[in-house]
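Q: Please take a close look at the salt bridges in this model, in particular those whose partners are shielded from solvent. Describe how they are placed.

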Amino acid sequence: MDVQATDFLGAFDNIDESQKLIKETVRKFVTEKFQPNITENFEKGYFPKEYIKEMGNLGLLGCNLTGYGCAGLDEVSYGLIMKELERGDSGLRSFASVQSSLAMYAIHAFGSEKQKSEFLPHMAKGEFIGCFGLTEPDFGSNPAGMKTFAKKDGDDWVLNGSKTWITNAPIANVAIVWAQTESGIRGFLVEKGTKGFSAPEIHHKLSLRASITGSLYFDNCRIPKSNMLENTVGLKNALMCLNQARFGIIFGVLGAAEDCLNEALSYTKERIMFDKPLASFQLIQRKLVIMATEIAKGNLLAMQLAKLKHEKTVQPAQISMGKQNNVQIALDCARTTRDILGANGISGEYRCMRHMCNLESVYTYEGTNDIHLLVVGQQLTGIPAFE
């Protein structure tokens, strides 16, 4: 058996033929369509919306959901898709993750039959874009404190408040919005063009530049009662959506980490220093080995979590462990590769600095590194240390 640098322990050796085909199909799409322009798009702060429908045609949107035009793929296939998308750029995986695991999953899990039939087929095709409004300007790690409020008024709900750092917001046709009500936190569908609703883009980002990020504002925004997600009964439903997306991140960031390791290996074998390849130096080999080892462990962690998720036994704290660990190792790999490449590491001609900048955001969003550590800490000790 050949040992692969990016899968040293063979975590993916036993994936079946359909999973291999899915992986190769997405890799081909990313390599041929997305990657040729990513450096320019990152510099311009442009997300290539022209590929959204193609992603829909490939069955990548809502791919692990069943029915309503969704592909109904297994958890490993979904993870491999996220991994290949993030190999291209975290912004590409973030789009697919928000569309699939946050917006579409919320409708699929908590929506009415009418809502599912109306939105999901169009979202699976990439004809409708969704976003997920939970984070507020003053409430990130403590979403239970949200101020956005929905008040019942006859047959309508009147929504006031704001959300921020929302991926896809400026291009979304529908926003999944979580708001306080007199009976607790509930989810709502707010459609583009609704009076009192706006979604301006956030500019001047230094991370996730090839991704569209915005805010959501609600000023006496009136929505019909039929737009409430009728099966939402508290913050736990929003957190269930986040766990779907975090699972995808666990696989996704491995794609960025592997891309960095491959770049480091290629560079150090070709770069001549003191009349011999950079890869021949002990310090360089040490860095490469640490990267390969951490990626190998991350691969095993991801596959074990996929197994538990398939068996429907995975616990939120286990997802937190995976998200915290794999994002940390991916960020470390990006930083190490940047270091190995020296001055060239900051150039857009190479990939590591872009991955590093992106992963700084992934390190923070959908639960910060510290919050996930505390989730696992509570599981270990039985003592919550959040306050």
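A: Glu-86 is buried, because its relative accessible area is 0%, under the 20% cut-off. This is a predicted model. The side chain of Glu-86 forms a salt bridge with that of Arg-93, at 2.5 Å from N to O. Arg-93 counts as buried too, with a relative accessibility of 0%.

A second salt bridge joins Glu-84 to Arg-87, and here the closest N and O atoms are 3.0 Å apart. Both residues belong to helix α4 (residues 75-88), where they are 3 residues apart, about one turn of the helix. Glu-84 is buried at 1% relative accessible area, and Arg-87 is buried at 9%. The pair is also part of a network of salt bridges that links Lys-23, Glu-24, Arg-27, Glu-84 and Arg-87.

A third salt bridge is formed by the side chains of Lys-163 and Glu-136, with an N to O distance of 3.0 Å. Lys-163 is in strand β5 (residues 156-167), while Glu-136 is in the loop between β3 (130-133) and β4 (149-153), so this pair ties together parts that are 27 residues apart in sequence. Lys-163 has a relative accessible area of 0% and is buried; Glu-136, at 6% relative accessibility, also counts as buried.

These pairs belong to a wider set: the count for the model comes to 25 salt bridges, where a side-chain nitrogen of Lys or Arg must lie within 4 Å of a carboxyl oxygen of Asp or Glu.

Methods
Residues numbered from 1 in each chain as written. Predicted model: local features only at pLDDT ≥ 70, side-chain atom pairs only at ≥ 80, totals over all residues. Heavy atoms only, no water. Helix = DSSP H or I, 4+ residues; strand = E, 2+ residues; numbered from the N terminus. Buried < 20%, exposed > 50% of the residue type's maximum accessible area, 1.4 Å probe, protein only.
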